[in-house]
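The exercises below ask the reader to work through a protein model in small steps. Each task is followed by a worked solution.

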Amino acid sequence: MTASARRLFGGAMALATALAGLPAAAEGADPWHPTLNFYGVTGLVDMPTGQSQPDGQFSTTFSTFAGMTRATLSFQIAPRLSGSFRFSRTKDLNLAGFVDYSDRSFDVQYRVLREGRILPDLVVGLQDFAGTGLAAAEYVVASKHLAPNLVLTGGIGWGRLGSYNPLGAPFGSRPPLNIGRGGSPNVDQYFRGPAALFGGVEWQPTDKLGLKLEYSSDDYAFEEGRGVIKHRSPFSFGVEYQARKHLRLGAYYLYGSELGVTAQISLNPKDRPAGGDLGKATYPVEPRPARSADPDAWSEDWVAQPQAADILRRNTAKMLAETGLVLEAMAISGDRVELWLRNPSYDAEAQAIGRAARVLTRTMPASVETFEIVPVVKGMPTAKVVLRRTDIEALENAPNGAARLFSVAGIADASRRPENLTYDEELYPRLTWSLAPYLKQELFDPDHPYRVDLGMRLATRYELRPGLFFSGSVTKSVTNAFSKGQLRPNNSVLPHVRTDEQLYTRQGDPGLETLTMAWYARPGQDLYGRVTAGYLERMYGGVSAELLWKPQHSRLALGVEVNYARKRDYDGGLGFRDYDIVTGHASAYYDLSQGYRVQLDAGRYLAGDWGATLAFDRVFANGWTVGAFATLTDVSAKEFGEGSFDKGIRVTIPISWMMGSSSRSTASTTIRPIQRDGGARLSVDGRLYETIDDYHRWGIERQWGKVWR
């Protein structure tokens, strides 16, 4: 080992020994609130710490100093693992042909140790591990409580975090920085080159106030050489204020020369902004009389009465409507009822099932002991949830009643229809329409990093029969935000299957967004089918066909989709351009339990390239979904262009979580560093897995805690 490496590890061991010798926070003390740094990750001012955010925490950080502005999205993927996506803009950097230079980067952090009586929190992190490398760094950092509200941090950094007063290069030299197209992992640089120590302390004297002091190992030599910053000192300090429950503000003095500010917005899917569920209560269970006290009430003689089934169906439909549910169809016998249920109101399917079961206790004769409740989506029966009426009566108010009811419930496939199943004649045909505002955002344009357009969408839907729908939508921009400024030059060498989107935005207003016929069916047990034809999305029309195999008790689902797509005219009308293609994918979905899901799609994309997309999502019981995806095809990084390959982050937030009232509506967005033509896929509404997942065993089990609400 070289002398410099011995110095480095000697310093690191001394720091680790000091941290390990500190006492843990006293039991019963107020909980510590880990805060974020200028990079939007858990940290001090510009340096990271060894701590993690609460599990599931979703944070957005805006920070600026010395003409450098950073906007970061961070997500605590699991208790030990977190990831971040960042957009940075540096004024007057004069790099790569841009006066003000914009950059995109990804981070990942893994907490190796959790603080205890002896050991500190310990995190290993990669910063800008797959970007241009301008902010690339790797680090190992530890944090330890000196007191319940006082934390000491020390770490070792490489790359940017090894640039000030380095102690040596224990793992060899670091390859020269190559900005290139960005987007590819810089594996050959990880933990290479000079390394340096950093550290600091954070004190939170009150629940609202926080003070930070750090010693930074980033010398900002690249930016200083271009006149962006003056680095006069490695020390920075700041003060932070918790202005609201989800908003934290900070002001700082950095590197002996610069003033900076941050705003941190943190949300957690497990913590509703509006508090609890504000939905209306429903009917309670109505117990049956004891058989010994009223034997006639338990008789099945009612079955022979004319119109008995129709009367029961009408009464049930009326009470379900009062609770926000729709009776799709029903089959009744002397001791059993099968209810096909449509849920337009509640974000948790288990809540709809629980409310329907309580209605059945009030409308069904005492002889009906078995309730088979079948959630229906787009005309398709999904799971069959089998409940005994005796269990419903006994467990409604019992301790741990929801879990006990699930343990005795049966869940089966519902593809086979009872012979006496009768539909509600008033449901079909049915026409509905809506007029609502829409919000469309455009990210990471070098000239306009963030633009948002507000408009109106008129949508209609005509349900001809179960599973057969006609729908369409027309949009009109109100703010015309995307029609301003010059068109970006299109340098794509591939067919312009997505990079022409700006032409559709400018020329297709107002425009026909979609106009489709969709047919959904259950072709067999565990099978689901879909055919959609028409103007499928703003840029393409055609035909899309899909088949999905998804057993109720399997975590694995398999699907196949084939599409014929033709490019539409830019003006948003009925015409087409001369580009068409056949695309398709074979897909595998796997539920990893505890809300984690992985998806692999392999096939042909819109530009004719072949490859695969791997996606990983975390799905919360209340409908929150946060995930990431990456696509690699036979298009080379050079042909793809800036970004090297398609990748991004997708987020779905239920409206009910934000408002506290019952709703099935969601707010969704996909954040891509850049949209290019490689790896582009047709956008089709109502793909099967997303449509039925919540209605199957694992989706129902995730939400079962709301069965009695």
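The exercises that follow concern a predicted model and treat aromatic pairs, cavities, a pocket and the backbone in turn.

**Exercise 1. An aromatic pair**

Task: Classify the pair formed by the rings of Trp-158 and Phe-191, and state where its two members lie in the chain.

Solution.
- Step 1. Two rings form a pair if their centres lie within 6.5 Å. By this rule the model contains 22 aromatic pairs.
- Step 2. The ring centres of Trp-158 and Phe-191 are 5.2 Å apart, and the planes meet at 75°. Planes over 60 degrees apart count as edge-to-face, so the pair is edge-to-face.
- Step 3. Trp-158 belongs to strand β7 (residues 150-159), whereas Phe-191 is in the loop between β7 and β8 (195-203). With these positions 33 residues apart in numbering, the pair links distant parts of the chain.
- Step 4. Buried means under 20% relative accessible area, and exposed means over 50%. Trp-158, at 5%, is buried; Phe-191, at 22%, is partly exposed.

**Exercise 2. Other aromatic contacts**

Task: Which residues form one aromatic cluster, and which charged residues lie over the face of Tyr-528 and of Phe-645?

Solution.
- Step 1. One cluster is formed by Phe-38, Phe-65, Tyr-220, Tyr-252 and Tyr-255.
- Step 2. Over the face of Tyr-528 lies Arg-522, 3.9 Å from the ring centre.
- Step 3. Over the face of Phe-645 lies Lys-647, 4.2 Å from the ring centre.

**Exercise 3. Two cavities**

Task: How many cavities of 30 Å³ or more does the whole structure hold, and what lines the largest and the second largest cavity?

Solution.
- Step 1. The search finds three such cavities.
- Step 2. The largest cavity holds about 200 Å³ of space. Its lining consists of 16 residues, of which Ser-88, Thr-90, Leu-134, Ala-135 and Glu-223 are the closest to the centre.
- Step 3. Strands β2 (68-75), β3 (81-90) and β4 (101-113) each provide at least two residues of this lining. The most, four residues, come from β3.
- Step 4. By residue class, the lining of the largest cavity contains six nonpolar, four polar and six charged residues.
- Step 5. The second largest cavity has a volume of about 170 Å³. It is lined by 22 residues, and the closest to its centre are Val-41, Thr-42, Gln-76, Ser-82 and Gln-109.
- Step 6. For the second largest cavity, β2, β3 and β4 again each supply at least two lining residues, and the largest share, three residues, comes from β4.
- Step 7. The lining of the second largest cavity divides into seven nonpolar, 13 polar and two charged residues.

**Exercise 4. A pocket**

Task: Describe the second largest pocket by its volume, its lining and the strands that contribute to that lining.

Solution.
- Step 1. The second largest pocket contains about 780 Å³ of space.
- Step 2. Of its 33 lining residues, Ile-77, Phe-106, Ala-628, Phe-629 and Gly-648 are the closest to the centre.
- Step 3. At least two lining residues come from each of β2, β3, β4, β29 (610-619), β30 (625-633) and β31 (646-654). Strand β30 has the largest share, with seven residues.
- Step 4. The lining of this pocket comprises 23 nonpolar, seven polar and three charged residues.

**Exercise 5. A polar contact**

Task: Where is Gln-599 found, is the residue buried or exposed, and what joins its side chain to that of Asp-601?

Solution.
- Step 1. Gln-599 is part of strand β28 (residues 596-604).
- Step 2. Its relative accessible area is 10%, so Gln-599 is buried.
- Step 3. The side chains of Gln-599 and Asp-601 are joined by a polar contact of 2.9 Å.

**Exercise 6. Backbone features**

Task: Locate the cis peptide bonds that precede Pro-429 and Pro-510, and the positive phi angles of Lys-378 and Asn-400.

Solution.
- Step 1. The bond from Tyr-428 to Pro-429 is cis, with omega near -10°. Pro-429 is in the loop between β19 (422-423) and β20 (430-443).
- Step 2. Asp-509 and Pro-510 are also joined by a cis peptide bond, with omega about 0°. Pro-510 occupies the loop between α7 (501-507) and β23 (511-524).
- Step 3. Lys-378 is not a glycine, yet its phi is positive, about 50°. This residue lies in the loop between β15 (370-377) and β16 (380-381).
- Step 4. Asn-400, likewise not a glycine, has a positive phi of about 55°. Asn-400 is placed in the loop between α5 (389-395) and α6 (401-408), and with a relative accessible area of 57% it is exposed.

Methods
Residues are numbered from 1 along each chain as its sequence is written. This is a predicted model: local features need pLDDT of at least 70, side-chain atom pairs count only at pLDDT 80 or more; totals for chains, interfaces and linings use all residues. Side-chain values use heavy atoms; hydrogens and water are left out. Rings of Phe, Tyr and Trp (its six-membered ring) pair if their centres lie within 6.5 Å; planes under 30 degrees apart count as stacked, over 60 as edge-to-face and the rest as tilted. Buried means under 20% relative accessible area, exposed over 50%, partly exposed in between (1.4 Å probe, protein chains only). A charge sits over a ring if NZ of Lys or CZ of Arg is within 6 Å of the ring centre and within 35 degrees of the ring normal. On a 1 Å grid over the protein atoms alone, a cavity is a set of points where a 1.4 Å probe fits but cannot get out, and a pocket is an open set with protein on both sides within 12 Å along at least five of seven lines; lining residues have an atom within 4 Å of a point. Grid points are joined across faces, edges and corners, and a volume is the space filled by probe spheres set on the points. Ala, Val, Leu, Ile, Met, Phe, Trp, Tyr, Cys and Pro count as nonpolar, Asp, Glu, Lys and Arg as charged, and the others, Gly among them, as polar. A polar contact is a pair of N or O atoms within 3.5 Å; within protein, one must be able to donate a hydrogen and the other to accept it, and residues adjacent in sequence count only if both atoms are side-chain atoms.
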